[in-house]
Each structure stands twice: as structure tokens, then as C-alpha cells.
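Please work through the following exercises with the sequence and the structure at hand. Each task is followed by a solution in steps.

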Number of protein chains: 2
Amino acid sequence: MKLTILGCHSATPMIDTYPTAQILEIRNHIFLIDCGEGTQVQLRKYKIKFSRIKHIFISHLHGDHVFGLVGLISTFRLLSRETELHIHAPKGLKEVVTLQMKLADSWTNYPLIFHELDSKSSKLIYEDEKVEVHTIPLDHRIYTNGFLFKEKPHERKLDIKKAVKAKIDKAYFRKLKQGSDVKNEDGILIKNEEVTLPGPPSKRYAFCSDTAFNKSILPLIKQVDALYHESTFLESHSNLAAKTKHSTATEAATIAKLADVGTLILGHYSSRYDDINAFKEEAETVFESVELAEAGKVIEI
Amino acid sequence: MKLTILGCHSATPMIDTYPTAQILEIRNHIFLIDCGEGTQVQLRKYKIKFSRIKHIFISHLHGDHVFGLVGLISTFRLLSRETELHIHAPKGLKEVVTLQMKLADSWTNYPLIFHELDSKSSKLIYEDEKVEVHTIPLDHRIYTNGFLFKEKPHERKLDIKKAVKAKIDKAYFRKLKQGSDVKNEDGILIKNEEVTLPGPPSKRYAFCSDTAFNKSILPLIKQVDALYHESTFLESHSNLAAKTKHSTATEAATIAKLADVGTLILGHYSSRYDDINAFKEEAETVFESVELAEAGKVIEI
């Protein structure tokens, strides 16, 4: 799993800061998460292949998370895209995008499929044989979801020498990788563990922006490998965090600690802070493994 | 009059090219003309004071001319703007912006006033004591207007020495500047021209993007000081220009020549051309005074 930060500041794009957008590469998927103004330019800058993006996940309909979407949809059209594009987003976005396309008399030449979200409990919103995506209901000023990206278990690793020695026919190798016991050429049952090793561990990434400090998400994000949790403010502005339903770096770190996650990634910084290292320093007083989201940073999960 | 180009490429923002947006400074106004994605960042880059923009003119509702507007409106809100903002734009834009604000539950804390355009003939859409703005109906795939910005006549320049010598009371100086004849202390009528000189000439700027070659605009733009006319293509792609209702550099120059304008400013270049100097070279075969729009360029009119 590989996470590329395209933008990680709150509120409004500036000359050197970009609103929320991330690319998650997971089992051959390229998922775009949130899409603030200017995201399409950031995608070009970091050489993400536009055509490989088939799913876009939008947390909520504040501008700094979505105002770049209609431009990206239009650019896909100009690039003569033909493959489907799925947008997973709060209810209402389809109406906005459709109205803008209607006024421009510019319809997409590819299937554009909206999956509108309105549930207040966690839902499985995408699944294939390798990946699952679940919503993480967050506590913000408007309806907002985080997203939990889960790899399904990898196949077990076959020890071919042992399998041959145990007289198992090649035809059964696939079943072995999938974890089954099989009979050998003599009709004897061979236990799976005798000829296989566990595959690589399955990873999980949780994206949580924007939200007030909210313990109710803990069961959903328990022990994820990486947690992106917004930290719009430092603790010195906890009054503003409470008022605007955002979190401080301390609160983000507290959630990371309580959920026992692998790494905490901070972001959604308010532009009032000149030096984002202060977020890391504050969070590290609570939780030890902290990374800062920064435009262009690639984080291996 | 001073024109600052914020963006001048067509279709889609790239790493170093920006969609259409211009700032026209005219008699203490700062007018924003078109507002493609990323315009607010360009405004910051070129140090345009956000609070001084009170009127925005949108030519049409294709994304590369308008997708930056809702973000700019939101940013004005975040900056605690209080002064009125007037948007002059084709019918439909108010509905889109209002819907986006409703979904974000983010209403402006300043008066946001839409002046929706739908007339197919030229209209006076803004007027104060110093400036007039008229629409220029264009021929594009969707309803599109250019804009003609006209300074009203400047005051005449008073020759104070002559006025004193002619025994004119100070109380009449304002009237003299406005062009009236006045009576002096002895009751004798003094002709205005005897004590004043003409003020500086009034300038006119015509903005025409996007449009097919369209001679019907000639009476409106006759002898303007500067004409911005789109040139999406070179003549070698005149088939594409015709098909998409855009113009070539030759066509833009032909309009400039027929209208006998001062300077022609080209822009809205297709990204297929690596070197925009080719537009200037082609246009100069038809019309001699040609400037290229380039992001950051300031043109004194």
C-alpha cells in the first residue's frame, strides 16, 4: 500500500499549499481520496496516471475537499476517457455536477457513476476480491465520512519443494495457496500448513478528515497500520477546534493511541501556523509514531 | 487602464498553464474577468487585493472560465469579507453556486449579488460616473458574452493661472473641469476652452473569449484601444476552430484589422502548441500590433 499526499492544508488553496487530496495505491487500484481545488494539477505534478483512477472517495461537501472534482471530471472528458468513473460521495454531489455539466452542455463520454452516501453508520461501500472500503462516520459540521481501506488476506506462500515431496499434484497448488488441505497422489490428506507459509500480512489504512475528537470511531480503526487523522489546530487553539468541529494534534494523537494504530499521519493544517513541525512535536508527546502529511510525500504503509 | 493576465490557456489547468482569468484596473476599480480553476491562487501570486474586487464578469459557463469562482467566493467568506460582491454571468450560475453553498452549509457573510445575463444583443450591464461595461454577444457553442469596458470622459485640465487671470471665482473650478462655460467676477461669460485643456483620452478595452470568427462584433469594438481576442488554434487547425467555434490567430488578427483597434492581445491557446510565439507570428502577417497574453504579464492600455 502506498499513499501519496497531493494536498494537506485546510480551508483555501494558497501559492504553496493545497487542500485535501490523497492517492492510495492498493492492490493495483489507484484510489483518489478527496479532491480540493487544484487536485488535477497536483495529479500531473506527481505523475499519477489519470486513466488508472476509477474510484474517487469524497469525505464531505466542504469546498476544500471537493471543489476540484468537477474540473477533474471535465478533464477526463477532454482526455477522451472511456473507462467508468465511480464517485463515492455524500448525497447532493451528483446534482451539483450534473447541473454544471448541463449548463456547460458538456456531457462525459465515459460512464460516470455516483454512489451517494447518507448512512450515519459504517457501511461497506466497495468490495472486490482484493479490497474492501468501509465508511467511518465522523463528527463534523456537515455530514462527513472517513474511509477504511482494507486489503483482503493475501494468498499463502506455497513451498513447492515440500509440496512435490508430499506427492501433491500441481492441479491442487491453487487450492493450497487459498488455504485448503488437499489429498496427495496416494489419497493421503496433507495439512495445508505442512506445505505452505502465511502470505504477507493484509494492511489497513484509515482516512479521517474532518472531525471533532470522536471516540466512537475507535472500534472501526482499531490497530490499523496507518491512520490519517486531521489536526487542523494545535492544542493552544482547542477552543477553535471545538467551535468548528475540528481536532487538535493532541486529540489526533490520543485517538491514535487509544486505537493502537501503527502510524499516525497528521494533516489539514490551518494556514495560521507557519511551521507544521509544531503539529508533530505536539502529537509526539502523546503517541510516538507520527508522520506529517506534506504535498508530494509518499508514505509506504 | 492596466490589464494583468492571470491565465490564458484553454481547456484544462496544467502545471505551468492556467485557464482564462484577467484583472482589469480601471479608474480605481479592480474587475475580475473570467475565473478558471486556480484563479484565487493566481490572484495571490500577483498580489491582487481580494477585498478590492467588487465585480466579476463571467463570459460563459464552460469550466475553464468559471470553475474557480465558487472557491473564490468561499475564500472571500473565510477572509471575513463584508463588502458586496457582484457577479455578472450567464443565467444558471446563481443556481450552481447557491446549491454548492447549501450543500456545504456555508453561506456568505457578505452580500453576494448575481446579475444574470441572457440577452442576445449588447447590453449596458454596469455603469457609474467613471466607467461603463457593455456585453459583446459572441458566437460559441453555448451562450457567451465578451465585455467592453469604457472609461467615461476624463475631466478637462484646468489652467489655474489663466482662470485666475480671467477673474473666475474658485467656486466655479469644478464646473470648468466638467466642461461648462462660466461667468467671471465681472459677470462676463468665459468660454471653457479659454481656461482649460482636454483631459487624457478615455480608453476602451474589449475582451472576446470564446468565439468563432464573427464580424458582427465589429461595430461594438471599433477602434478600441486594446482588444483581447481568443486564438485557440493556428490556421493549420482551422478545421478544429470551425468545429469547436473557436478562432485562429489569423482570424483574431483579421477582426483586429477590420475593427482598426490599437493593440490585439491573443490568448486561450490550445495546449497542443508548445511555443505560443507561433500565434504572434501568424497574427502579425495580418495585423501589426500584437501582444501575447501570458500568465503574470501586465499590459498598460
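**Exercise 1.** Determine what share of the contacts in chain A between residues at least 6 apart in sequence join residues at least 24 apart.

*Solution.* Step 1: two residues are in contact if their C-beta atoms, placed from the backbone, lie within 7 Å. Step 2: among such contacts in chain A between residues at least 6 apart in sequence, the share joining residues at least 24 apart is 62%. Step 3: the model is predicted, so local features need pLDDT of at least 70 and side-chain atom pairs count only at pLDDT 80 or more, while totals for chains, interfaces and linings use all residues. Residues are numbered from 1 along each chain as its sequence is written, and chains are lettered from A and ligands numbered from 1 in the order in which they are written.

**Exercise 2.** Describe the secondary structure, extent and burial of chain A.

*Solution.* Step 1: helices (H or I, at least four residues) and strands (E, at least two) are DSSP runs, numbered from the N terminus; chain A has 11 helices and 18 strands. Step 2: along the principal axes, its C-alpha atoms fill a box of roughly 70 × 55 × 35 Å. Step 3: a residue is buried if 20 or more other C-beta atoms lie within 10 Å of its own, exposed if 12 or fewer, and partly exposed in between, with C-beta atoms placed from the backbone. Of the 301 residues in chain A, 43% are buried.

**Exercise 3.** Analyse the contact between the two chains from the side of chain B.

*Solution.* Step 1: chain B and chain A contribute 31 residues each. Step 2: on the side of chain B that touches chain A, two or more residues come from each of α1 (39-45), α3 (69-78) and α4 (93-104) of chain B. Step 3: α4(B) gives the most, with 6 residues. Step 4: this side of chain B divides into 14 nonpolar, 11 polar and 6 charged residues.

**Exercise 4.** Trace the open sheet of chain B that contains β1 and β18.

*Solution.* Step 1: two strands pair if DSSP finds at least two bridges between them. Step 2: the 7 strands follow the order β6-β5-β4-β3-β2-β1-β18 (chain B), with mixed pairing. Step 3: β6 (112-117) and β18 (298-300) of chain B each have a single partner strand, so one side of each is left without a neighbour in the sheet. Step 4: β1 (residues 2-7) and β2 (residues 21-26) of chain B pair antiparallel over 5 bridges; B:L3 stands opposite B:L24, and B:I5 has B:Q22 as its bridge partner. Step 5: β2(B) is also joined antiparallel by 5 bridges to β3 (residues 29-33) of chain B, where B:I30 is the bridge partner of B:E25. Step 6: the hairpin of β2(B) and β3(B) has 2 residues between the strands, and B:R27 takes a positive phi near 50° there. Step 7: in β2(B), 5 of 6 residues are buried.

**Exercise 5.** Which strands are joined to β15(B), and is β15(B) covered or uncovered?

*Solution.* Step 1: β14 (residues 204-208) of chain B runs parallel to β15(B), joined by 4 bridges, with B:F207 partnered by B:Y228. Step 2: β16 (residues 263-267) of chain B is joined to β15(B) by 5 bridges, again parallel, and B:E230 has B:G267 as its bridge partner. Step 3: β15 (residues 226-230) of chain B is mostly covered, with 5 of its 5 residues buried. Step 4: in a regular strand the side chains alternate between the two faces of the sheet. In β15(B), B:A226, B:Y228 and B:E230 point one way, whereas B:L227 and B:H229 point the other way.

Terms used: Nonpolar A, V, L, I, M, F, W, Y, C, P; charged D, E, K, R; others polar.
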